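Visitor: I would like to learn how to read a few features of a protein model. Where do we begin?

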Amino acid sequence: MPTPELYERMLLIRAFEEAVLVLFAQGEIFGTTHTSLGQEAIAVGVLSQVTRQDAVFSNHRCHGHYLALFNEPDRLMAELMGRATGLCGGIGGSQHLHRENFYTNGVQGGIVPCAAGMAWAENFKKSGNIAVVFLGDGTLGEGVVYETLNLASLWSLPLLFVVEANGFAQSTPTALQLAGSFTQRAEAFGVRAVEGDGNDLEAVVALAREAVTAVRKESRPVWLVLHTYRLGPHSKGDDHRSDTELERARARDPLPRARAKLSETIVAEIERRVHQRIEEAVQWAKDSPVAAAGEIPRCARNDKVKTPTP
């Protein structure tokens with residue numbers, strides 16, 4: 001049964017992403033942005049099973065992964081709005097974030113070999129830590145993914161690949177651009193593959209727990225495919241899907257499925273708290289100074305910045 005804490009984290013991601021799209025339309029977001037509406041159960045379910053010592057690598061659709069791991073919307077919102085109080089001083093934007101052992105990169109597939117390198121380092125140190133990398137089914141057309149699968153298997157790296165199969169490569173349906181099986185792609189390299197419903201929080205938690213345990217215990221890669229659906233546009237407003245298709249997808253929305261297993265009283269309090277936090281995060285970011293041109297912040301330190309004075 002989904003815990004109130006996990007549902008609250010999912011709702012925080014949903015409310016944050018919805019606010020981002022509104023702010024983008026108002027001209028408040030610097031650069032581009034890609035939301036993870038509809039994919040919240042994967043971020044929350046998988047990252048509930050890792051430690052803060054494990055390395056986590058995300059991609060261009062990274063807000064949900066960050067919030068699932070750190071539960072801190074204010075500095076993330078400030079980063080997207082180009083504020084000096086942002087996570088990386090306002091210069092990383094929506095796609096290039098860093099905090100502790102969390103890294104993101106907007107280059108399709110580019111983060112995958114980086115995750116393998118970190119997994120190799122942890123294996124070399126015999127730390128017991130693992131690396132987790134999130135990629136989409138649209139990234140499975142990148143050769144570097146298969147080069148990494150090969151080396152991860154050959155070198156027995158403690159690396160968990162999480163494929164968020166949302167059905168699209170930007171605006172191209174997966175069925176029109178990807179041949180073969182999701183799982184057989186990994187199995188061809190001798191990598192254990194697991195597949196499941198990415199919109200069922202309980203299922204994601206169970207599969208992630210098993211996968212993380214196996215990677216950590218055996219120091220071998222695992223390929224975890226979780227099927228979901230991106231409810232929002234690819235980035236901002238570039239969406240050509242029909243209303244009928246979107247309506248069918250909303251019937252599988254992971255939030256109502258998780259919410260239905262909690263009491264109305266608990267849900268009401270969670271919703272109140274989450275929406276208040278998002279409102280405060282947006283206002284905090286708006287009250288923060290804009291990042292100075294040419295100034296490079298010391299992102300690696302990730303010092304907690306002071307709340308700005310209006």
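**Rings, helices and cavities**

Guide: Tyr66 and Phe70 are 4 residues apart in helix α3, and therefore about one helical turn separates them. Keep in mind that this is a predicted model.

Visitor: What is the general idea behind that spacing?

Guide: An α-helix has 3.6 residues a turn, so residues three or four places apart point the same way.

Visitor: How do I describe two rings?

Guide: A pair of aromatic rings is described by the distance of the centres and the angle of the planes. The count here comes to 6 aromatic pairs. In one of them, the ring centres of Tyr66 and Phe70 are 5.0 Å apart, and the planes stand at 35°, so the pair is tilted.

Visitor: Are Tyr66 and Phe70 buried or exposed?

Guide: Both Tyr66 and Phe70 are buried. For Phe70 the relative accessible area is 10%, and buried means under 20%.

Visitor: With which other ring does Phe70 form an aromatic pair?

Guide: With Phe102. That pair is edge-to-face, with 6.1 Å centre to centre and 85° between the planes. Phe70 lies in helix α3 and Phe102 in strand β3 (residues 102–104), so the pair ties together parts 32 residues apart in sequence. Phe102 counts as buried, at 0% relative accessibility. Ring pairs thus put Tyr66, Phe70 and Phe102 in one cluster.

Visitor: Let us step back to the whole chain. How many helices and strands are there?

Guide: The protein chain has 11 helices and 9 strands. It has 310 residues, and 53% of them count as buried. Now take the contacts with a separation of 6 or more. Residues 24 or more positions apart account for 76% of those.

Visitor: How do I read the burial of a single helix?

Guide: Count its buried residues, then ask what covers them. Helix α4 (residues 73–80) is mostly covered, with 7 of its 8 residues buried. They are Pro73, Arg75, Leu76, Met77, Ala78, Glu79 and Leu80. The cover over these buried residues includes α1 (4–25), α3 and α11 (264–286). Just after α4, Gly82 takes a positive phi of about 70°.

Visitor: Which residues of α11 are buried?

Guide: Val267, Ile270, Val274, Ile278, Ala281, Val282, Trp284 and Ala285. What covers them includes α1, α4 and α10 (254–259). So α11 is part of the cover of α4, and α4 is part of the cover of α11.

Visitor: What span does α11 reach from its first C-alpha to its last?

Guide: With 23 residues, α11 reaches 33 Å. That is close to the 33 Å expected at 1.5 Å a residue.

Visitor: Gly82 is a glycine. Which residue other than glycine has a positive phi near 50°?

Guide: Glu100, with phi near 50°. Glu100 sits in the loop between β2 (98–99) and β3. Its relative accessible area is 35%, so Glu100 is partly exposed. Lys126 is another non-glycine residue with a positive phi, about 55°. Lys126 lies in the loop between α5 and β4. At 74% relative accessibility, Lys126 counts as exposed.

Visitor: Now for the empty space. What is the general idea?

Guide: Rolling a probe the size of a water molecule over the atoms shows where empty space is left. Here, a search of the whole structure finds 2 cavities of 30 Å³ or more. The largest has a volume of about 60 Å³.

Visitor: What lines the largest cavity?

Guide: There are 13 lining residues, and Asn59, Val107, Gln108, Gly109 and Thr139 lie nearest the centre. The elements giving two or more residues to this lining are α5 (111–125) and β4 (131–136). By class, the lining of the largest cavity has 5 nonpolar, 8 polar and no charged residues.

Visitor: Which residues line the second largest cavity?

Guide: Ser36, Gln39, Glu40, Ala43, Arg61, Gly64, His65 and Glu164. Here α2 (40–47) and α3 (63–70) are the elements that give two or more residues. The volume of this second largest cavity is about 30 Å³. Its lining has 1 nonpolar, 4 polar and 3 charged residues.

Conventions
Residues numbered from 1 in each chain as written. Predicted model: local features only at pLDDT ≥ 70, side-chain atom pairs only at ≥ 80, totals over all residues. Heavy atoms only, no water. 1 Å grid on protein atoms, 1.4 Å probe; cavity = no way out; pocket = protein on both sides within 12 Å on 5 of 7 lines; lining within 4 Å. Points joined across faces, edges and corners; volume = space filled by probe spheres on them. Nonpolar A, V, L, I, M, F, W, Y, C, P; charged D, E, K, R; others polar. Buried < 20%, exposed > 50% of the residue type's maximum accessible area, 1.4 Å probe, protein only. Contact = heavy atoms within 4.5 Å. Phe/Tyr/Trp six-rings, centres within 6.5 Å; stacked < 30°, edge-to-face > 60°. Expected span 1.5 Å × (residues − 1).
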